[in-house]
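Dear colleague,

Please find below the structure that I am handing over to you, with its sequence. My notes on what was found in it follow directly after.

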Amino acid sequence: SPYRKRYKPESGTSNWKPFFWGIVIILGGIGIFFGLQYFFFQNSTEASLPKLHTEPLSRGEILPREGTGWIYRDKPVDVWEMDSVRSLLGSGVYLAFVENSHVYLDQGSELTLNSSRKNEKNGVSAEILVTKGGIWAEVGNLSTFTFILTDRVRFEANGGVFMLSAEGVRVLSDAGSGANLLYTSPDGKVLFSKHLSVGQEVLLSPQNLVVAEQTSSFTVVPISPEFYQTSLYQSRMKAGVSPLPSPGIGESPSPSPSADPASSLAIPTITSPGKNGETVVVKSARQEISGTVPVGTQKVMVTHTESQDAHDLSQFKPGDTTWKYIAHELYGNLKAGMNTYEVVAIDAEGKKSQSATLTVNYIPNENSAPTEVLRITAPNNGNDTSVSAVPFDITGTAPSDAGYIEVNGYRLQKFKQGDKTWKYIATGTDKKMIYTVRALDKTGRFLTSDKITVTLEGGSSPVVSPTPSASASPSATPIPTPVPTPVPTIIPTPAPTS
């Protein structure tokens, strides 16, 4: 009706309520969105944290970041960032991450979990500080682990199996995209790095680190046979190294790639400047390495592992029984420090023999070199023998420049530099026990070694090795040491014959 009054709001009122509730709904939605994000982020972070496990006959403890003391745990427990973990007994204390990644602690070892976050590949990105002893790391292919070994050395791994400590790095399997050793400045800046392959190791002795800093490169050598005697390696082998980040890891190392099982050729002989398996110290920048080969050898190949220099000897002719190889500082196949040379004989079918190995420690401008060698003198004058009871003494002589003596990886505490003799109290109760004794100089550099096999009459098990016993001397607690497994060796790409 034209006479109907139009609605007119009363004076002083407004339509503010719809706007108010609209703003409330919008802010509520934003709050719910961020709340869900926070909830799922927290769950993701928790899911990426490892759990501490302890196998039978082992003992592990955890030091919470906000705790005041170590706590013994016999059941799986979450390990949070900045928590510390240690193994007091056995090698069965480990951290279990997502994607079947595991970090095992050797007896007496300790580490701190700096960080552990799930990455975009559903693996884990973790940083671990190794504060004491050594660890066995199994890294999944989708994960990335950074291990801080010293204040200047870090190791980054993306898939594979590794043995790591402040004394050295060993690559047992590289199933991912990389295994890199990094040298950093005091403020954490990477100065140089080295990619490592399967079967290689880098020893981190003070002397080697000085050389690395001077040359901006780490010295890479094949894994020493002595590594395969360590208690941590043997414990993982006995456990089957399962579960694994990739198939095949955990099996005994295969023979060297340079060795062809079908070859009928015997191992070549190295006669100068040392013999097969020896380590010699030299001062001259030019070394003539020579030896003999078996009948039927068509070619001889020599590999300098540090420079990846591998080639056939051009002056060797089929029918020759001797060979000669020149190593020179100017050629790049003789460098300050340790140099490893592998020699293989090749038959008419191209099949390779097992390799002979010589290690040359080149010390430029050195006035003197060690002349004495380590020797086991008892029992049985150092020859393999049998005993009727334990404990028994193993004694021997030491080089004048020996700073340390190690037996099966254990460093004798009572031995001091300058001592001419040493003593170790053996308490192992297995049927056959192998004791490997090593002499190191004061910087930790390997000098020489000796070995003895002792059979215990009435012993219980075959070729394992001594286990700790309460009757052992405090300075000579044995570490299990079975027979060494063949060492995987990397043969570099051949280089032109010099």
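**Strand pairing, cores and aromatic contacts**

Strand β21 (residues 286–292) and β24 run antiparallel and are joined by seven bridges. Please note that the model is a predicted one. Within this pairing, S290 has K324 of β24 as its bridge partner. Both strands belong to an open sheet of three strands, ordered β19-β21-β24 and paired in the antiparallel sense. Its edge strands, β19 (269–272) and β24 (322–328), each pair on one side only. From one strand to the next, the twist averages 30 degrees.

A second set of pairings involves β5, β8 and β9. Strand β5 (residues 84–89) is joined to strand β8 (residues 110–118) by three bridges, and the two run antiparallel. Here S84 stands opposite T112 of β8. Eight bridges connect β8 with β9, again in the antiparallel sense, and one of the partnerships is that of E110 with K132 in β9. The hairpin of β8 and β9 has five residues between the strands, and N122 adopts a positive phi near 70 degrees there.

Turning to the interior, the largest nonpolar core comprises 40 residues, and F147 and F155 have the most contacts inside it. Strand β9 (residues 124–132) gives the most to this core, contributing four residues. Leaving aside residues up to four places away in sequence, F147 touches V103, I128, I135, A137, V153, R154, F155 and L164. F147 also forms one aromatic cluster with F97 and F145. Apart from the largest core lies another, of 23 residues, which include Y410, L447, I452 and V454.

The structure holds eleven aromatic pairs. One of them, Y183 with F218, is edge-to-face, with 6.2 Å centre to centre and 65 degrees between the planes. The pair links distant parts of the chain, 35 residues apart: Y183 is in strand β15 (residues 178–184), and F218 is in the loop between α2 (206–215) and β18 (221–222). F218 also pairs with F192 in a tilted arrangement, at 5.2 Å centre to centre and 55 degrees between the planes. F192 is in strand β16 (residues 190–195), 26 residues apart from F218. F218 counts as buried because its relative accessible area is 5%, and F192, at 10%, is buried as well. Y183 is likewise buried.

Finally, two arginines sit over tyrosine rings. R59 lies over the face of Y72, 3.9 Å from the ring centre, while the charged end of R411 is 4.1 Å from the centre of the Y404 ring.

Kind regards

Note on methods
Residues numbered from 1 in each chain as written. Predicted model: local features only at pLDDT ≥ 70, side-chain atom pairs only at ≥ 80, totals over all residues. Heavy atoms only, no water. Pairing = 2+ DSSP bridges. Axes fitted to C-alpha atoms, helices over the stretch in contact; angles between N-to-C directions. Core = buried A, V, L, I, M, F, W, Y, C linked by side-chain atoms within 4.5 Å. Buried < 20%, exposed > 50% of the residue type's maximum accessible area, 1.4 Å probe, protein only. Contact = heavy atoms within 4.5 Å. Phe/Tyr/Trp six-rings, centres within 6.5 Å; stacked < 30°, edge-to-face > 60°. Lys NZ or Arg CZ within 6 Å of the ring centre and 35° of its normal.
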